[in-house]
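Here is a walk through one protein model, taken a region at a time. Keep the structure open as you read.

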Amino acid sequence: MRVSLTKAEMLERRRMASGLEPLRDDCTVELTAGIDLDGVLEAQLRRRYLDLLDNGERRKISAEDVSDMTALSTVTDSSIGGVLLTPPDNCRRTLDVQLEGWVRPVEILPVQEAEGVMSRQLNPFTAATADCPAAVVIAERRGARPPEIMAWPAALNVSLLTATVDYGPERYVLDECGIEDLFSDNIVI
């Protein structure tokens, strides 16, 4: 089930998972080490959340359709044809794509397979068709720039582009089964 939690809600769940909450009223503990425990927990949560969006199992993330925010441009200066897709800036990882006129969506292949996929488009017997489309990442995410994708056969519109989306440090959106991946027994200070 998809959940959307604020940073405060996620921090509360993290503190409970670590045994730091709920606080007891019948005793008092004072710590004077000067450690901002919430700050440490927030940094760990953010780092693990971004890793989950980038590398986590598909069932643990909440992929979204970002087709209406995706820029599409035709590649005319190349013999391989196709279209170039640029997802929105908050897109972390792309998963599936379907262009208008395709029979079905197709999984977007990783950048390591780009050269092979592009070379297959040069041969009419191995080139992608509407029944057997192809899509591959040609440039990984760099900083604020989203990944770039080439897709074949070319079309004028994107019908579907599923991706993981980061809404910034104040919001966590994922599948409920992925929350435990953000927690661990150890708190690194």
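Is glutamate 57 buried or partly exposed? With a relative accessible area of 43%, glutamate 57 comes out as partly exposed. Before going further, keep in mind that this is a predicted model.

Glutamate 57 is a handy way into a cluster of charges. Lysine 60 forms a salt bridge with glutamate 57, and the closest N and O atoms of that pair are 3.7 Å apart. Lysine 60 itself is buried, at a relative accessible area of 11%. Lysine 60 also pairs up with aspartate 181 in a salt bridge, this time with the closest N and O atoms 3.1 Å apart. Because lysine 60 sits in the loop between α2 and β2 (64–65) while aspartate 181 is in the segment after β10, this pair ties together parts that are 121 residues apart in sequence. Add Arg59 to the picture: salt bridges with shared partners join Glu57, Arg59, Lys60 and Asp181 into one network. As for aspartate 181, its relative accessibility is 38%, so it counts as partly exposed.

The structure holds 10 salt bridges. Another one to look at runs between arginine 15 and aspartate 38, where the closest N and O atoms are 2.6 Å apart. Here, too, distant parts of the chain are linked: arginine 15 belongs to helix α1 and aspartate 38 to helix α2, 23 residues apart. Arginine 15 is buried, with a relative accessible area of 16%, whereas aspartate 38 is partly exposed at 30%.

Stay with those two helices for a moment. Leucine 11 is also found in helix α1, and at 9% relative accessibility it counts as buried. What does leucine 11 touch, leaving aside its neighbours within four places in sequence? Its contacts are Asp38, Leu41, Glu42 and Leu45. Take glutamate 42 as an example: it is 31 residues from leucine 11 in sequence, yet the two C-alpha atoms are 6.7 Å apart in space.

Now follow α2 (37–55) along its length. How far apart should its ends be? At 1.5 Å a residue, the 19 residues of α2 should span 27 Å, and the end C-alpha atoms are indeed 27 Å apart, so the two values agree. Its buried residues are Leu41, Gln44, Leu45, Arg46, Arg48, Tyr49, Leu50, Leu52 and Leu53. In general, an α-helix has 3.6 residues a turn, so residues three or four places apart point the same way. The cover over the buried residues of α2 includes α1 (7–17), β5, β9 (158–165) and β10 (171–175).

Helix α2 turns up again at the largest pocket, which holds about 320 Å³ of space. There are 15 lining residues, and the closest to the pocket's centre are Asp54, Arg93, Thr94, Val137 and Glu140. Both α2 and β5 (91–99) supply at least two residues of the lining, with β5 giving the largest share, four residues. Sorted by class, the lining has seven nonpolar, two polar and six charged residues.

One last stop is the backbone at tryptophan 152 and proline 153. Most peptide bonds are trans. The bond joining tryptophan 152 to proline 153, though, is cis, with omega at about -10°. Look for proline 153 in the loop between β8 (148–152) and β9.

Note on methods:
Residues numbered from 1 in each chain as written. Predicted model: local features only at pLDDT ≥ 70, side-chain atom pairs only at ≥ 80, totals over all residues. Heavy atoms only, no water. 1 Å grid on protein atoms, 1.4 Å probe; cavity = no way out; pocket = protein on both sides within 12 Å on 5 of 7 lines; lining within 4 Å. Points joined across faces, edges and corners; volume = space filled by probe spheres on them. Nonpolar A, V, L, I, M, F, W, Y, C, P; charged D, E, K, R; others polar. Expected span 1.5 Å × (residues − 1). Buried < 20%, exposed > 50% of the residue type's maximum accessible area, 1.4 Å probe, protein only. Contact = heavy atoms within 4.5 Å. Salt bridge = Lys/Arg side-chain N within 4 Å of Asp/Glu carboxyl O.
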